[in-house]
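Thanks for sharing this one. Here are a few notes to read with the structure open beside you.

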Amino acid sequence: MKTLALVSVIALALGMAPAAIAQDAPQRTVITAAKMVDVVTGKVTEYPAIFTENGRITSIADARTVRWGADVQHIDLSGKTLLPGLIDMHVHLDSSPTYGGYNNLQFTDRFWSFVAASNARAMLEAGFTTVRNVGSEGYNDVALKQAIGEGWAVGPRIVPAAHALGATGGHCDQTYLPPSFAAKSPAVGDGPTELRQKVREQRKYGAEVIKVCATGGVFSRNTEPGQQQLSEEELRAIADEAHQWGLRVAAHAHGAAGIKAAIRAGIDTIEHASLVDDEGIRLAAERKQPVWFSMDIFNTDYTQAEGAKNGVMEDNLRKDREVAQIQRDNFRKAHRAGVKMVFGSDAGVMPHATAGGQFKVMVDYGMTPLEAIRAATLNAAEALGKAQEVGAIAPGRYADIIAVDGDPLADVRELENVDAVVQGGVRIR
């Protein structure tokens, strides 16, 4: 055990992932703590003993009565409360809020790969053991997923979208450079046929979810959040093509018309949903095929406080101010109406390590602490199509578990300072 501990310390000091030392790590583990939140029932279990083998949970017992052998590694989290590893459904790992506006042009393209690796580690240490990366440059999210899997980097389980699809001149296109650069995002397309091809291309190179920009956005140039940018026919073609390949689709959609078009087209998750109207809420609540809202109602605090200093242009800050409170009020309305909700922070707009701050805002705008936690566990796992892998502490699922000192069902801000993270039965140091 002393040898294993030394190997673990050296490996983590070198930035190696648990996978890199898996051959030296015991394959059977028991995790004990004072309490465990069962997000399925909403109940709290005292003195849990969670047994894992090869990274997955095999059984849950009472630590006061069960025994285990010397061949089982013990992760002792005495005095703490366990929850499932958190899931953030909307992140940009290869982005940093530090470099707003044109400031990011001072770096080479590959600089952002290293930024992504650092941000991934920060999110894992903040308790997010799974993230959905909805759009990256140069397939950085696919590459990072591969590097984590091979043990070259430390980070959460990544569901990558690769390049985001969009319309020429739209939010997901290159909108900051003059015509002489002939800059165009790789997944931009016009018309159903071209956009179907873009779905196939992103899947070919590793995308596991398709991201599409249905409306304008806050941090692009020459677009407005409420402006629809793809027709319902184009959105339907994207959704149909992705579903044919077994992929789900996330639509960036701030404006009411774009939101409703995306819902009618069969899109699986609506990102932002800032300016949704009553009809859009009704369509989302009533659609037979589940549709989920992922509303980033926390990050505007950071943007308004730090954006100008970071180089964000006033026009972008203006758009952020205009939609911020409307989005929060619509979050409350959508939740009251029974719309299915998932946790999505848009980390990259604010520092990744602070993503847990969104839980409090979700509670401030109508959710109970348990509902906010479920949005980042059970709901997110279902929306990902990974309900048998993540999202709960249950036999058969990955042993992705976090621990906090206090009671998160009484004070959800406990999730802003996670005390321990276990991923696949291995404690992250």
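**Notes on the two domains and the disulfide**

1. The domain assignment splits the chain into domain 1 (28–84 + 392–427) and domain 2 (86–384). Please keep in mind that this is a predicted model. The C-alpha centres of domain 1 and domain 2 are 30 Å apart, and the contact draws on 21 residues from domain 1 and 21 residues from domain 2.

2. How much area is buried between domain 1 and domain 2? The value is about 1,800 Å², with carbon and sulfur atoms giving 68% of that area. On the domain 1 side, Val39, Val412 and Gln423 lose the most area to domain 2, and together they make up 30% of what that side buries.

3. Turning to polar links, there are 5 residue pairs in polar contact between domain 1 and domain 2. The count of salt bridges between these domains is 1. As for strands, β5 (73–84) and β15 (420–423) each provide at least two residues of the domain 1 side that touches domain 2, and β15 gives the most, with 3 residues.

4. A salt bridge worth a look joins the side chains of Arg157 and Asp400, at 2.7 Å from N to O.

5. Finally, the cysteines: a search of the whole structure turns up 1 disulfide. Cys172 and Cys213 form this bond, with their sulfur atoms 1.8 Å apart. Cys172 sits in the loop between β8 (157–160) and α4 (192–204) and Cys213 in strand β9 (residues 209–213), so the pair ties together parts 41 residues apart in sequence. Are these two cysteines buried or exposed? Both Cys172 and Cys213 are buried.

Note on methods. Residues are numbered from 1 along each chain as its sequence is written. This is a predicted model: local features need pLDDT of at least 70, side-chain atom pairs count only at pLDDT 80 or more; totals for chains, interfaces and linings use all residues. Side-chain values use heavy atoms; hydrogens and water are left out. A disulfide is a pair of cysteine sulfur atoms within 2.5 Å. Helices (H or I, at least four residues) and strands (E, at least two) are DSSP runs, numbered from the N terminus. Buried means under 20% relative accessible area, exposed over 50%, partly exposed in between (1.4 Å probe, protein chains only). Domain bounds come from an automatic or database domain assignment. Contact means heavy atoms within 4.5 Å. Buried area is the accessible area (1.4 Å probe) that two parts lose on being put together, summed over both. A salt bridge is a side-chain nitrogen of Lys or Arg within 4 Å of a carboxyl oxygen of Asp or Glu. A polar contact is a pair of N or O atoms within 3.5 Å; within protein, one must be able to donate a hydrogen and the other to accept it, and residues adjacent in sequence count only if both atoms are side-chain atoms.
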